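Reader: I should like a close account of a single part of this model, beginning with one residue and following its contacts outward. Please set out how that residue, the sheet and the core are connected, with every criterion stated.

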Amino acid sequence: MIFISQSISLNDDEVEISAIRSQGAGGQNVNKVSSAIHLRFDIMASSLNELQKQRLLNTNDGRISKDGVLIIKAQQFRTQEKNKADAFKRLQDFIIQALHINKTRRPTRPSRNAKRKRVDQKTQRGKTKALRGKVDY
(Lines give C-alpha, C1' and ligand atoms only; values in the text may rest on other atoms or scores of the structure.)
Protein backbone atom coordinates (compact mmCIF):
# COMPACT_ATOMS: atom_id res chain seq x y z
CA MET A 1 0.00 0.00 0.00
CA ILE A 2 1.35 3.41 -1.01
CA PHE A 3 0.05 6.22 1.18
CA ILE A 4 -0.28 9.56 -0.62
CA SER A 5 -2.22 11.46 2.04
CA GLN A 6 -4.60 10.64 4.88
CA SER A 7 -7.48 10.05 2.49
CA ILE A 8 -5.64 8.79 -0.62
CA SER A 9 -3.72 5.55 -0.95
CA LEU A 10 -2.75 3.37 -3.90
CA ASN A 11 -2.35 -0.38 -4.19
CA ASP A 12 1.12 -1.72 -4.92
CA ASP A 13 -0.02 -3.28 -8.21
CA GLU A 14 -1.08 0.14 -9.59
CA VAL A 15 2.55 1.25 -9.79
CA GLU A 16 5.00 -0.53 -12.06
CA ILE A 17 8.67 -0.27 -11.14
CA SER A 18 11.58 -1.35 -13.28
CA ALA A 19 15.30 -0.93 -12.70
CA ILE A 20 17.37 0.44 -15.58
CA ARG A 21 20.93 1.58 -16.03
CA SER A 22 21.60 5.22 -15.25
CA GLN A 23 22.66 7.68 -17.88
CA GLY A 24 25.82 9.73 -17.95
CA ALA A 25 29.38 9.22 -16.85
CA GLY A 26 30.11 7.00 -13.90
CA GLY A 27 33.07 4.78 -14.60
CA GLN A 28 33.10 1.04 -15.03
CA ASN A 29 30.33 0.34 -12.49
CA VAL A 30 27.64 2.22 -14.43
CA ASN A 31 27.64 -0.38 -17.20
CA LYS A 32 26.99 -3.26 -14.78
CA VAL A 33 24.54 -1.94 -12.19
CA SER A 34 20.90 -1.03 -12.82
CA SER A 35 20.45 1.62 -10.17
CA ALA A 36 18.01 3.99 -11.88
CA ILE A 37 14.28 3.46 -11.42
CA HIS A 38 11.48 3.84 -13.96
CA LEU A 39 8.16 4.29 -12.19
CA ARG A 40 5.05 3.96 -14.34
CA PHE A 41 1.64 4.94 -12.94
CA ASP A 42 -1.41 4.40 -15.15
CA ILE A 43 -3.80 7.13 -14.07
CA MET A 44 -6.92 5.74 -15.76
CA ALA A 45 -6.41 2.23 -14.32
CA SER A 46 -5.83 3.50 -10.78
CA SER A 47 -8.23 3.28 -7.85
CA LEU A 48 -8.69 7.05 -7.68
CA ASN A 49 -12.15 8.47 -8.31
CA GLU A 50 -13.06 10.03 -11.67
CA LEU A 51 -12.67 13.64 -10.52
CA GLN A 52 -9.18 12.96 -9.18
CA LYS A 53 -8.21 11.15 -12.40
CA GLN A 54 -9.36 14.10 -14.51
CA ARG A 55 -7.46 16.56 -12.34
CA LEU A 56 -4.28 14.48 -12.74
CA LEU A 57 -4.74 14.20 -16.51
CA ASN A 58 -5.46 17.91 -16.89
CA THR A 59 -2.14 18.93 -15.35
CA ASN A 60 0.19 20.20 -18.03
CA ASP A 61 3.09 17.89 -17.23
CA GLY A 62 5.43 16.41 -19.83
CA ARG A 63 5.84 13.23 -17.81
CA ILE A 64 2.29 12.13 -18.65
CA SER A 65 2.08 10.23 -21.93
CA LYS A 66 -0.82 10.37 -24.39
CA ASP A 67 -2.10 7.10 -22.92
CA GLY A 68 -2.43 8.69 -19.47
CA VAL A 69 0.61 7.02 -17.95
CA LEU A 70 2.82 9.04 -15.61
CA ILE A 71 6.47 8.10 -16.06
CA ILE A 72 8.98 9.12 -13.39
CA LYS A 73 12.66 8.38 -13.87
CA ALA A 74 14.75 8.55 -10.71
CA GLN A 75 18.52 8.32 -11.12
CA GLN A 76 19.86 10.93 -8.73
CA PHE A 77 21.35 8.50 -6.20
CA ARG A 78 23.85 5.68 -6.56
CA THR A 79 21.70 3.01 -4.93
CA GLN A 80 18.51 1.47 -6.23
CA GLU A 81 16.75 1.76 -2.85
CA LYS A 82 17.31 5.54 -2.60
CA ASN A 83 16.18 6.02 -6.20
CA LYS A 84 13.05 3.96 -5.51
CA ALA A 85 12.25 6.06 -2.45
CA ASP A 86 12.87 9.23 -4.48
CA ALA A 87 10.52 8.03 -7.23
CA PHE A 88 7.74 7.29 -4.73
CA LYS A 89 8.26 10.68 -3.08
CA ARG A 90 8.01 12.43 -6.45
CA LEU A 91 4.84 10.47 -7.28
CA GLN A 92 3.35 11.48 -3.93
CA ASP A 93 4.30 15.15 -4.45
CA PHE A 94 2.84 15.13 -7.96
CA ILE A 95 -0.50 13.70 -6.85
CA ILE A 96 -0.80 16.00 -3.83
CA GLN A 97 0.04 19.08 -5.91
CA ALA A 98 -2.36 18.14 -8.71
CA LEU A 99 -5.25 17.44 -6.36
CA HIS A 100 -4.73 20.55 -4.22
CA ILE A 101 -7.55 23.06 -4.63
CA ASN A 102 -6.72 26.68 -3.88
CA LYS A 103 -9.18 28.64 -1.83
CA THR A 104 -11.13 31.18 -3.85
CA ARG A 105 -10.12 34.74 -3.13
CA ARG A 106 -12.79 36.90 -1.63
CA PRO A 107 -12.16 40.59 -2.31
CA THR A 108 -11.93 42.72 0.81
CA ARG A 109 -12.14 46.46 1.40
CA PRO A 110 -10.14 48.56 3.83
CA SER A 111 -12.01 49.65 6.92
CA ARG A 112 -13.08 53.26 7.51
CA ASN A 113 -10.47 53.58 10.27
CA ALA A 114 -7.71 52.30 7.95
CA LYS A 115 -8.71 54.87 5.31
CA ARG A 116 -8.68 57.67 7.90
CA LYS A 117 -5.22 56.64 9.17
CA ARG A 118 -3.86 56.58 5.63
CA VAL A 119 -5.19 60.07 4.86
CA ASP A 120 -3.86 61.39 8.19
CA GLN A 121 -0.41 59.96 7.43
CA LYS A 122 -0.47 61.58 3.99
CA THR A 123 -1.38 65.01 5.39
CA GLN A 124 1.28 64.71 8.11
CA ARG A 125 3.89 63.76 5.51
CA GLY A 126 2.80 66.72 3.35
CA LYS A 127 3.19 69.11 6.29
CA THR A 128 6.68 67.76 6.96
CA LYS A 129 7.66 68.30 3.34
CA ALA A 130 6.16 71.80 3.32
CA LEU A 131 8.53 72.78 6.12
CA ARG A 132 11.49 71.99 3.88
CA GLY A 133 10.74 74.89 1.53
CA LYS A 134 12.58 78.21 1.21
CA VAL A 135 12.60 80.48 4.22
CA ASP A 136 11.70 84.12 3.65
CA TYR A 137 13.29 86.60 6.06
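Author: **A close look at the sheet and the core**

Leaving out residues up to four places away in sequence, Leu39 touches Val15, Glu16, Ile17, Leu70, Ile71, Ile72, Ala87, Phe88 and Leu91, where contact means heavy atoms within 4.5 Å. This is a predicted model, in which local features need pLDDT of at least 70 and side-chain atom pairs count only at pLDDT 80 or more, while totals for chains, interfaces and linings use all residues. Residues are numbered from 1 along each chain as its sequence is written, and side-chain values use heavy atoms, with hydrogens and water left out.

The protein as a whole contains three helices and five strands; these are DSSP runs numbered from the N terminus, with helices being H or I of at least four residues and strands being E of at least two. Read from the N terminus, the order of elements is β-β-β-β-α-β-α-α. Of the contacts between residues at least 6 apart in sequence, 56% join residues at least 24 apart.

The sheet comes next. Three strands make up an open sheet, ordered β3-β4-β5 and paired antiparallel; two strands pair if DSSP finds at least two bridges between them. The edges are occupied by β3 (15-20) and β5 (69-74), each of which has a single partner strand, so one side of each lacks a neighbour in the sheet. Strand β4 comprises residues 36-42 and is joined to β3 by six bridges, the two strands running antiparallel. Within this pairing, Val15 stands opposite Phe41, and Ala19 has Ile37 in β4 as its bridge partner. On its other pairing, β4 is again antiparallel and is connected to β5 by six bridges. Phe41 is matched there with Leu70 in β5. Phe41 therefore has a facing residue in β3, Val15, and a bridge partner in β5, Leu70.

The connection between β3 and β4 also deserves attention, as its residue Ser35 lies in the loop between these strands. Ser35 has a relative accessibility of 9% and therefore counts as buried; by this criterion, buried is under 20% relative accessible area, exposed is over 50% and partly exposed lies in between (1.4 Å probe, protein chains only). With neighbours within four places in sequence set aside, the contacts of Ser35 are Ile20, Ser22, Phe77, Arg78, Thr79, Gln80 and Asn83.

Asn83, one of these partners of Ser35, belongs to helix α2, residues 80-99. Its relative accessible area is 0%, so Asn83 is buried. Asn83 in turn contacts Ser35, Ala36, Ile37, Ala74, Gln75, Gln76 and Phe77, neighbours within four places in sequence again being excluded. A polar atom of the Asn83 side chain lies 3.3 Å from the backbone nitrogen of Gln76. Ile37 thus appears both as a contact of Asn83 and as the bridge partner of Ala19.

The path then leads to the core. The largest nonpolar core holds 21 residues, and those with the most contacts inside it are Leu10, Leu39, Phe41, Leu56, Leu70, Leu91 and Ile95; such a core is a set of buried Ala, Val, Leu, Ile, Met, Phe, Trp, Tyr and Cys residues joined through side-chain atoms within 4.5 Å. At least two residues of this core come from each of β4, β5 and α2. Helix α2 provides the largest share, six residues. Leu39 touches two others of the residues named in the core, Leu70 and Leu91. Across the whole protein of 137 residues, 24% are buried.

Ile95, also named in the core, lies in helix α2. With a relative accessibility of 0%, Ile95 counts as buried. Ile95 is in contact with Ile4, Leu10, Phe41 and Leu56, apart from its neighbours within four places in sequence. Ile4 and Ile95 are separated by 91 residues in sequence, yet their C-alpha atoms are 7.5 Å apart in space. Phe41 accordingly recurs as a contact of Ile95 and as the residue opposite Val15.

A residue in the final helix may be set beside these buried positions. Asn113 is found in helix α3, residues 112-130. Its relative accessibility is 39%, and Asn113 therefore counts as partly exposed. The side chain of Asn113 forms a polar contact of 2.5 Å with that of Arg116.

How values were computed: A polar contact is a pair of N or O atoms within 3.5 Å; within protein, one must be able to donate a hydrogen and the other to accept it, and residues adjacent in sequence count only if both atoms are side-chain atoms.
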